[in-house]
Amino acid sequence: MARQVDYDAKIAAIDEKIVAKKAQLKKLKEQKKSLILRKAKNDNAELVLFMQENKISAADVVSKLKQDQ
């Protein structure tokens, strides 16, 4: 006689794995967003420092960028 398979239990186990993976994905997306924000903050600080060291104003930067377009 063939062995009985508990499909409901297998489906429930897969559903649990899906929920766990979704939670993991959400956490990874939050970490990525945090890193992107920290990178942008670091890039801005580097730009401001460069501008201060070279006595360049934000208006000068914008003007130069518009000229180069």
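**Exercise 1. Salt bridges within the helices**

In which helix do lysine 64 and aspartate 68 lie, and how many residues apart are they? Work from the predicted model, then find the other salt bridge and describe the exposure of the partners.

Solution.

Step 1. Lysine 64 and aspartate 68 are both part of helix H2, which covers residues 58-68. They are four residues apart, about one turn of the helix.

Step 2. The closest N and O atoms of lysine 64 and aspartate 68 are 3.5 Å apart. The cut-off for a salt bridge is 4 Å, so a pair of this kind qualifies when nitrogen and carboxyl oxygen lie within that limit. Lysine 64 and aspartate 68 do form a salt bridge.

Step 3. In helix H1 (residues 7-53), aspartate 43 and lysine 39 are likewise placed four residues apart, about one turn of the helix. Their closest N and O atoms are 2.9 Å apart, and the two residues form a salt bridge. The count comes to two salt bridges.

Step 4. The exposure of each partner follows from its relative accessible area.

| Residue | Relative accessible area | Class |
|---|---|---|
| Lysine 39 | 53% | exposed |
| Aspartate 43 | 34% | partly exposed |
| Lysine 64 | 45% | partly exposed |
| Aspartate 68 | 54% | exposed |

**Exercise 2. The span of H1**

Compare the span that H1 should have with the distance between its end C-alpha atoms.

Solution.

Step 1. H1 has 47 residues. The expected span is 1.5 Å times one less than the number of residues, which gives 69 Å for H1.

Step 2. The end C-alpha atoms of H1 are 68 Å apart, in agreement with that value.

Step 3. Take a pair of residues as a further case: valine 19 and asparagine 44 are 25 residues apart in sequence, and their C-alpha atoms are 38 Å apart in space. Valine 19 lies in H1 and is exposed, with a relative accessible area of 56%.

**Exercise 3. The chain as a whole**

Decide whether the protein chain is a compact globule or more spread out than one.

Solution.

Step 1. The protein chain contains two helices and zero strands. Its radius of gyration is 26 Å, whereas the globule rule gives 11 Å for 69 residues; the chain is therefore more spread out than a compact globule.

Step 2. Along the principal axes, the C-alpha atoms of the protein chain fill a box of roughly 85 × 25 × 15 Å.

Step 3. Of the 69 residues, 1% are buried. The accessible surface of the protein chain is about 7,000 Å², and carbon and sulfur atoms account for 60% of that surface.

**Exercise 4. The loop between H1 and H2**

Which sign does the phi of lysine 55 have, and where does lysine 55 lie?

Solution.

Step 1. Lysine 55 lies in the loop between H1 and H2, just after H1.

Step 2. Its phi is near 50°, a positive value in a residue other than glycine. Most residues other than glycine have a negative phi.

Step 3. Lysine 55 has a relative accessible area of 73% and is exposed.

**Exercise 5. Methionine 51**

Is methionine 51 buried or exposed, and which residues is it in contact with beyond its neighbours within four places in sequence?

Solution.

Step 1. Methionine 51 lies in H1. Its relative accessibility is 14%; because buried means under 20%, methionine 51 counts as buried.

Step 2. Leaving aside neighbours within four places in sequence, methionine 51 is in contact with Ile56, Ser57, Ala58 and Val61.

Step 3. For valine 61, 10 residues along the chain from methionine 51, the C-alpha separation is 8.6 Å.

**Exercise 6. A nonpolar patch**

Which residues make the nonpolar surface patch of about 300 Å²?

Solution.

Step 1. The patch is made by Val5, Tyr7 and Ile11.

Step 2. Tyrosine 7 is found in helix H1. At 56% relative accessibility, tyrosine 7 counts as exposed, because the cut-off for exposed is over 50%.

How values were computed
Residues numbered from 1 in each chain as written. Predicted model: local features only at pLDDT ≥ 70, side-chain atom pairs only at ≥ 80, totals over all residues. Heavy atoms only, no water. Salt bridge = Lys/Arg side-chain N within 4 Å of Asp/Glu carboxyl O. Buried < 20%, exposed > 50% of the residue type's maximum accessible area, 1.4 Å probe, protein only. Patch = residues over 30% accessible without salt bridge, like charges linked within 9 Å, V, L, I, M, F, W, Y side chains within 5 Å. Areas by Shrake-Rupley, 256 points an atom, 1.4 Å probe, with all protein chains shown as cover. Rg over C-alpha atoms; globule rule 2.2 N^0.38 Å. Contact = heavy atoms within 4.5 Å.
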